[in-house]
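Please look over the complex shown here. The report below covers how the protein chains meet and what lies along the DNA.

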Number of protein chains: 2
Amino acid sequence: MNDLLRKSIEQYSGQSLSEECALQFDAFVFEKTLDKKALLLEAGQSCNYIFFVLSGSCYSYLADRKGDTQVVQFALEGYWISDLASFFSGNKSTYSIECLEPTKVLMMNKAAFEQACSAMPILERYFRVLIQNAYVSMQYRMAKTTSEEAEDRYTEFAKRHPDFMQRIPQYLIASYLGIQPQSLSRIRKQLASKH
Amino acid sequence: MNDLLRKSIEQYSGQSLSEECALQFDAFVFEKTLDKKALLLEAGQSCNYIFFVLSGSCYSYLADRKGDTQVVQFALEGYWISDLASFFSGNKSTYSIECLEPTKVLMMNKAAFEQACSAMPILERYFRVLIQNAYVSMQYRMAKTTSEEAEDRYTEFAKRHPDFMQRIPQYLIASYLGIQPQSLSRIRKQLASKH
DNA sequence: CGGGCAGATTAACCTATGTTAATAAATGAA
DNA sequence: TTCATTTATTAACATAGGTTAATCTGCCCG
């Protein structure tokens with residue numbers, strides 16, 4: 001089993017993963033390598049997988065009312081990414097997922113997910129806690145987004161995610177923060193002049 | 001067992017709840033009645049319960065940078081509400097929860113939650129699906145919030161939650177949507193003049 | 001039934017961010 | 001290396017929404 005994944009499972013589940021489980025898990029997933037700009041998922045298709053990023057990076061997005069890209073999530077190594085609504089319901093996905101760099105992912109389909117979770121309680125727990133945490137931080141981010149200005153959201157983002165700052169183009173970060181790239185440039189300039 | 005709760009469990013878990021489980025569940029929770037404006041939770045305390053609203057309504061909020069109230073969630077009958085980060089970690093809560101009307105809730109503490117979930121697989125599943133759905137719609141709402149204007153967010157909210165519109169004061173809806181009450185008034189006026 | 005208070009509206013003015021457009025800088029492919 | 005394309009910056013102008021402050025409405029409670 002991949003080391004990043006093992007660490008993730010052990011960290012979130014709070015339990016250590018037996019060698020046996022690790023082998024069993026590996027049978028449920030497969031690996032795929034993608035080029036930069038390749039799509040892991042295209043909006044409108046059904047999302048049949050959840051993806052664990054082994055190396056590289058990607059992001060999910062949707063088309064807003066005007067047809068512009070609205071970034072939903074970034075995923076570097078060690079992150080899971082998918083369109084969960086589509087994955088769990090079987091409906092068409094609203095998000096697309098695109099690679100920002102040459103990327104390796106583990107893929108797990110729904111049948112495998114269900115089987116793995118019922119076969120291994122540690123996994124059921126792992127995924128529950130993972131989603132719980134994601135929900136909690138989403139709720140908090142939402143509250144911050146509706147109450148704070150773009151400058152504050154940007155500085156907080158930069159502080160929390162220095163790794164993202166290195167590897168993700170500014171115009172995508174701007175979209176994620178809900179502002180135009182030009183506005184982000186302006187904000188960065190203002191921040192720079194303050195020091 | 002309360003009828004609303006039974007329906008919620010059966011709906012989200014996709015299974016029917018045995019009489020036995022229902023009785024067992026009831027032993028894990030207790031009921032509380034609160035006045036309008038009473039607090040279910042005060043920011044800074046540890047959040048020891050999750051609350052299921054039996055009747056009445058409440059909302060969770062935090063104080064933003066300027067000390068103003070930022071609404072996080074509304075809960076009418078049939079909704080769960082809590083500060084999950086605090087509930088699961090034991091840390092101090094960042095949210096407060098206040099009743100909008102005279103309200104009856106079921107309360108469940110963490111030990112009961114853990115026991116109930118391990119004793120009854122249907123509950124483990126129920127809560128997992130509940131949080132999953134909450135996460136999915138949160139993510140979608142976040143994307144909409146960062147890409148759309150206040151007017152669109154308001155009309156969408158009004159369409160999706162006509163029940164909320166009846167019972168929740170406008171200034172709290174404004175806060176939830178991330179705008180000032182005055183701006184919401186202005187937006188409503190514009191919308192009215194369009195028809 | 002009447003005074004006080006919470007909630008909603010209005011209006012005038014202000015500012016952060018959007019928009020458009022042009023340029024510059026970085027990246028990548030031939 | 002050079003050209004083409006993508007990404008970032010800048011500036012001028014437009015606008016949605018914030019701010020302040022005053023007024024209005026309704027309703028709770030004494």
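## Protein surfaces along the DNA

DNA strand D is surrounded by 16 residues, and the closest are Gln170(A), Ser185(A), Glu149(B), Ala150(B) and Ser183(B). This is a predicted model. Both chains supply helices to the surface near DNA strand D. From chain A, helix H8 (170-177) and H9 each give at least two residues. From chain B, helix H6 (150-160) and H9 each do so too. H9(A) gives the most to this surface, with six residues.

Now turn to DNA strand C. Of the 16 residues around DNA strand C, the nearest are Glu149(A), Ala150(A), Ile179(A), Ser183(A) and Gln170(B). Helix H6 (150-160) and helix H9 (181-193) of chain A each give two or more residues to the surface near DNA strand C. On chain B, helix H8 (170-177) and helix H9 (181-193) are the elements that do this. The largest share, six residues, comes from H9(B).

The table sets out the residue classes of these two surfaces and of the side of chain A that touches chain B.

| Surface | Nonpolar | Polar | Charged |
|---|---|---|---|
| Near DNA strand C | five residues | six residues | five residues |
| Near DNA strand D | five residues | six residues | five residues |
| Side of chain A that touches chain B | twelve residues | seven residues | five residues |

## Where the chains meet

How many residues does the contact take from chain A and from chain B? It takes 24 residues from chain A and 24 residues from chain B. Three elements of chain A each supply at least two residues of the side that touches chain B: strand S5 (69-75), helix H3 (84-89) and helix H5 (121-147). Which element gives the most to this side of chain A? H5(A) does, with 14 residues.

## How the copies are related

Chain A superposes on chain B by a rotation of 180° with 0.0 Å of shift along its axis. The RMSD is 0.0 Å. The two copies are therefore related as by a two-fold rotation axis. Both copies use the same surface: 100% of the contact residues of chain A recur in chain B. Which residue of chain A comes closest to the rotation axis? Tyr135(A) does, with its C-alpha at 2.4 Å.

Technical notes: Residues numbered from 1 in each chain as written. Chains lettered and ligands numbered in written order. Predicted model: local features only at pLDDT ≥ 70, side-chain atom pairs only at ≥ 80, totals over all residues. Contact = placed C-beta atoms within 7 Å. Helix = DSSP H or I, 4+ residues; strand = E, 2+ residues; numbered from the N terminus. Nonpolar A, V, L, I, M, F, W, Y, C, P; charged D, E, K, R; others polar. Least-squares fit on C-alpha atoms with pLDDT ≥ 70 in both. Near = placed C-beta within 6 Å.
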